[in-house]
Amino acid sequence: MGRGILKIVNATSATDVLARSYHPNLQRFFLEDPFEGVTGQVLFDKDGNRRSPFQVYNWWNGIATPVYDVLPDSSVVQRAPVRFYSGKPTVPRDRPEQLALVPTLDSATGIALLVANCIVAAAICVVWGYLVYYRHDPTVLALSFPFLNLITLGCVLLGSWLFAFGFELVVVSSAAKAFRLWRIFHNTFLKIGQFDTKKLFMGVLVVLAGQSFIFIVWSAVGPQTPVLINSRTYYHYRCSSQSTSVQTAFAAVSTVYNGILLAALIFLAYKTRTIQTNYRETSWMLYVSQNSILSGIVIMTFHVFQFGEATLAAFVVKQTTIMYAVTFAFAALVGRIAIVAHHTHTKGQHAGASVARALMSNSVVGSAPAVPHAKGTRGGKQLGGESLAIKTLEVRTLPAVSSPAFEGTQVSGGAGISENSEVVCRGVYPVKRLGSLFATWHMNQICIFSKDGYLTLIPNQQADAGPVFGTTLLLQQIRYDPSPSGLENCLEIACGNLAWLIQFSSERERDTWVSLLAATATSKVSRQSSKSSLRKSSKEVGRSPRVGAGSGKRANMSSSSGNDRDAGY
């Protein structure tokens, strides 16, 4: 280098060099003449490459190894393989390789998700096949086997790209079941035959058609296309419309549409909270609704927002949440029914009934509180440590004064009621108002006045506690369940949209009250009623006859499931 600069100064002048007023020539001043250096003769070619022989060393792990000999004719002889930082001879990339944040079938994440989805789908198919085999089981019939099929199909679609349609099948099918029960048990004017399965299926198809219309318009205005999200270290894809405003608008419309459907399910589940227990699915529907809302928040969060390098983890969380929501919905709406049917057919009716009490009773969470007998009293109950002597039953025979005709109905336990009898039944029992999450048990004085046709529930308070307001129910308008599933020694009564649960100290005492209700109220017929008579009276199920309209019998809300078809279910 110094020799070349000296040649430039000699060819021009020192002033020109300092002023940089010269035109150096690499070949002329630096490469043209060979010279002797420390390593020997130095000779360059026209490209500036040294023509003297030399060796190239590879430093790896602190050891220098000659790997190449460069000869004067510029030929290269390799003496040993080159080892890079990784210890391998593979030439490393000049930048890090991009990581694909996409689960594939040859990746551990993709395989794990595929296996998990297959397990869930297989479990759903096995349980559904079991229900198909036992589709004539009373429990399956009572909960509408056709709509159980739609719910199963919806759970399968929830795990696929048809997520929206699967969600709607689950929600709308459950809502259709609740809607029919609401109309059967609570509407005074609508006939049961107007809401058969075919028409309800058409309603489900209309809802799916609405979602399809949203998707069709969305695809026409802003079709979904795969968008590559690329960075220096990773890449992934997401489906989106080219216009962000179109994507946001239609996503909001679809979300609101499904939110309305979910709100309808919650409303109908609430409206059917007081119907007979072997048809009621209020709590299970509310559980599924609550779980769907919470799962939907998680799914939408991990779907809408960008997570950068954690995109794959976000995708795994989203898919896991979907699988959990599918499993929960199927287990709550379909799987538990298969469990009851299985126990009924494998371990006998008694075991099946115990399982049914645990899985089918869903309006009252937990059991009635224990009510021990006080010493020396019949039906004595402990409340706040104070023993209450309870007069449980009084039957008086009075002269007939416009007393209702009981058609010779016999009361269980040997008590007979005739046209010249007035039954007055009194007692103090724990009572719980149904349909409220915060309802608790309270002691109430309960009386039946058969002559006047009333049943009263009055809170049991101290005499000096001030005015006490109670509830009076017309016996002709009362519906009752003599043995609510999962609740021992309890009686459930309902009138309109209100319902109460009464606990007795023993089964015999409960049966006495039930027999009196059977003789005075018109909300229950014998289980031995023929199908023809049940079909004839099914139009009166759940309806409250006008006062003075007579004591026509209604269809048994607790009737055996063999008559479920005749009740329009």
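Modeller: Two strands are said to pair if DSSP finds at least two bridges between them. Strands are DSSP runs of E with at least two residues, and helices are runs of H or I with at least four, numbered from the N terminus. The structure is a predicted model, in which local features need pLDDT of at least 70 and side-chain atom pairs count only at pLDDT 80 or more, whereas totals for chains, interfaces and linings use all residues. Residues are numbered from 1 along each chain as its sequence is written, and side-chain values use heavy atoms, with hydrogens and water left out.

Biologist: How do you know that β3 and β4 are joined, and in which sense do they run?

Modeller: Strand β4 (residues 63-70) is joined to β3 by 7 bridges, and the two run antiparallel. The definition asks for at least two bridges, so 7 bridges qualify β3 and β4 as a pair. Within this pairing, Tyr57 has Pro66 in β4 as its bridge partner.

Biologist: What makes β3 and β5 edge strands?

Modeller: β3 (54-60) and β5 (76-78) each pair on one side only. They belong to an open sheet of 3 strands in the order β3-β4-β5, with antiparallel pairing. On average, neighbouring strands of this sheet are turned by 35° against each other, direction ignored.

Biologist: Which strand does β8 pair with in the antiparallel sense, and over how many bridges?

Modeller: Strand β7 (residues 225-230) pairs with β8 in the antiparallel sense over 6 bridges. These two strands form a hairpin with 3 residues between them, and Thr225 stands opposite Ser240 in β8. Strand β8 (residues 234-240) is also joined to strand β6 (residues 99-100), in parallel, by 2 bridges. Since at least two bridges are required, these 2 bridges satisfy the definition. Ala100 stands opposite Tyr235 in β8.

Biologist: What residue takes a positive phi in the hairpin of β13 and β14?

Modeller: Gly453 takes a positive phi near 75°, in a hairpin with 4 residues between the strands. Strand β13 (residues 441-449) and strand β14 (residues 454-459) pair in the antiparallel sense over 6 bridges, and Phe449 has Tyr454 as its bridge partner in β14. Strand β14 is further joined by 4 bridges to strand β15 (residues 471-474), running antiparallel, where Thr456 is partnered by Thr472.

Biologist: Why are α10 and α11 described as roughly antiparallel to each other?

Modeller: Helix α10 (residues 282-304) and helix α11 (residues 311-346) pack at about 170°, with axes 9 Å apart. Axes are lines fitted to C-alpha atoms, for helices over the stretch in contact, and angles run from 0 to 180 degrees between N-to-C directions. Angles under 35 degrees count as roughly parallel, over 145 as roughly antiparallel, 65 to 115 as roughly perpendicular and the rest as oblique; α10 and α11 are therefore roughly antiparallel. By class (nonpolar: Ala, Val, Leu, Ile, Met, Phe, Trp, Tyr, Cys and Pro; charged: Asp, Glu, Lys and Arg; polar: the others, Gly among them), their contact has 16 nonpolar, 4 polar and 2 charged residues.

Biologist: Why does Thr311 count as buried?

Modeller: Buried means under 20% relative accessible area, exposed over 50% and partly exposed in between (1.4 Å probe, protein chains only). Thr311 has 15% relative accessibility and therefore counts as buried. This residue is found in helix α11. Leaving aside neighbours within four places in sequence, Thr311 is in contact (heavy atoms within 4.5 Å) with Leu101 and His236.

Biologist: How do you know that Asn149 is partly exposed?

Modeller: Asn149, in helix α6, has a relative accessible area of 24%. That value falls in between 20% and 50%, so Asn149 is partly exposed.

Biologist: Which residues touch the most other members in the largest nonpolar core?

Modeller: A nonpolar core is a set of buried Ala, Val, Leu, Ile, Met, Phe, Trp, Tyr and Cys residues joined through side-chain atoms within 4.5 Å. The largest has 46 residues, of which Leu131, Val140, Cys155, Val170, Val204, Leu333 and Val334 touch the most other members. Helix α7 gives the most to this core, with 11 residues. Not counting residues up to four places away in sequence, Val170 touches Ile151, Gly154, Cys155, Leu158, Ala329 and Leu333. A second, separate core of 21 residues includes Tyr429, Val431, Ile478 and Trp513.
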